[in-house]
Amino acid sequence: MAEQLELPSPFDPVVLLERLAARRGRPIELLPVPARPHAPCGLLVSTLEADYILYAADTGALHQRHILVHEIAHLLLDHAGSAPLAPAAALLPSLSPALVQRVLGRTSYDEPQEREAELLASLILNRADRADAADRPGPGPAPARGSLDALGLLLGGGRGPGPAEEPDGGEPEDGAPQEEQRP
């Protein structure tokens, strides 16, 4: 399913949600909410009129992206609700329980639907990341100098090449004399 899904380029989960809403013919509304201890970081609530994705507003962008795609996966897989209504009611007190048709919220991976949604979300995000990387020109940014030094220490116990020396021990490209480095 992840390979057949048309993903926006560059990847944006909000654009994917808009496309999914248009394809399904029903609105999908995003509702940022504060994270709460022992509560799901994402929640899908479906009513007769619309679907609502509640997500932790006070978490990092990558985590929010994953939460949104996880909830999108529930919609794509047409999962039935299995979560208790209490978390949704606490976050949406004005929502009548009689209107709610489905509530899905991940607090663990014990439920098969949660594992399926997590797998599909991971596949979608992996595909999106590969496509975005392929669209970027060039080989990507060079690692920072400190990263090479740390890698050298981890792998060989020594430093990586210093700022004025070349990896092969030869002269720098600019022809400047090398200073002797002491440990």
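# A tour of the helices and two loops

Begin by selecting α1 and α2: these two helices are roughly parallel to each other, because angles under 35 degrees count as roughly parallel and α1 and α2 pack at about 20 degrees. Their axes are 10 Å apart. The model on screen is a predicted one.

**Stop 1: α1 against α2**

Keep both helices selected and look along the pair. The crossing of α1 over α2 is left-handed. To see the contact itself, show side chains for P13, L16, L17, L20, R23 and R24 on α1, and for R65, L68, V69, I72, L75 and L76 on α2.

**Stop 2: the whole chain**

Now zoom out and colour by secondary structure. The protein has five helices and four strands. Going along the sequence, the order is α-β-β-β-α-α-β-α-α. There are 183 residues, and 37% of them are buried. Of the contacts with a separation of 6 or more, 56% are between residues 24 or more positions apart. Switch on a surface if you like: the accessible surface comes to about 11,300 Å², and carbon and sulfur atoms account for 57% of that area.

**Stop 3: before α1**

Which peptide bond here is cis? Select S9 and P10: the bond joining them is cis, with omega about -5 degrees. P10 belongs to the segment before α1. As background, most peptide bonds are trans.

**Stop 4: the loop after α1**

Move on to R26, in the loop between α1 (13–24) and β1 (28–33). Is R26 buried or exposed? R26 has a relative accessible area of 18%, and since buried means under 20%, R26 is buried. To see what surrounds R26, select A21, S46, T47, L48, E49, A50 and D51, which R26 touches when residues up to four places away in sequence are not counted.

**Stop 5: the loop after α2**

Next select D78, located in the loop between α2 (61–76) and α3 (86–91). The relative accessible area of D78 is 59%, and because exposed means over 50%, D78 counts as exposed. The backbone at D78 is also worth a look: phi is near 55 degrees, a positive value in a residue other than glycine. Most residues other than glycine have a negative phi.

**Stop 6: helix α4**

Select residues 112–135, which form helix α4. This helix has 24 residues and spans 35 Å from its first C-alpha to its last, close to the 34 Å expected at 1.5 Å a residue. Then colour the buried residues of α4: Q113, E114, A117, E118, L120, A121, I124, L125, R127, A128 and D132.

**Stop 7: α2 against α4**

Add α2 to the selection. The axes of α2 and α4 come within 8 Å and cross at roughly 120 degrees. These helices are therefore oblique to each other. The crossing of α2 past α4 is right-handed. On the α2 side, the contact is made by R65, H66, V69, H70, A73, H74 and L76. On the α4 side, the residues are Q113, E114, A117, E118, L120, A121, S122, I124, L125 and D129.

**Stop 8: three residues between α2 and α4**

Start with H66, a residue of helix α2. H66 counts as buried, at 18% relative accessibility. Draw a distance from the C-alpha of H66 to that of I124: the two atoms are separated by 9.9 Å, while the residues are 58 apart along the chain.

Then pick L125 in helix α4. With 10% relative accessibility, L125 is buried. The C-alpha atoms of L125 and V69 are separated by 7.7 Å, although these positions lie 56 residues apart along the chain. Which residues does L125 contact, leaving aside neighbours within four places in sequence? They are F11, R65, H66 and V69.

Finish on R65, in helix α2. R65 is buried as well, at 19% relative accessibility. Leaving aside neighbours within four places in sequence, R65 is in contact with F11, P13, L125 and D129. R65 also brings the tour back to its start, being one of the α2 residues in the contact with α1.

Definitions and conventions. Residues are numbered from 1 along each chain as its sequence is written. This is a predicted model: local features need pLDDT of at least 70, side-chain atom pairs count only at pLDDT 80 or more; totals for chains, interfaces and linings use all residues. Side-chain values use heavy atoms; hydrogens and water are left out. Buried means under 20% relative accessible area, exposed over 50%, partly exposed in between (1.4 Å probe, protein chains only). Contact means heavy atoms within 4.5 Å. Accessible areas come from the Shrake-Rupley method with a 1.4 Å probe; for residues, only the protein chains shown count as cover. The expected span of a helix is 1.5 Å times one less than its number of residues. Axes are lines fitted to C-alpha atoms, for helices over the stretch in contact, and angles run from 0 to 180 degrees between N-to-C directions. Angles under 35 degrees count as roughly parallel, over 145 as roughly antiparallel, 65 to 115 as roughly perpendicular and the rest as oblique. A crossing is left-handed if the near helix is turned anticlockwise from the far one by less than a right angle, and right-handed if clockwise.
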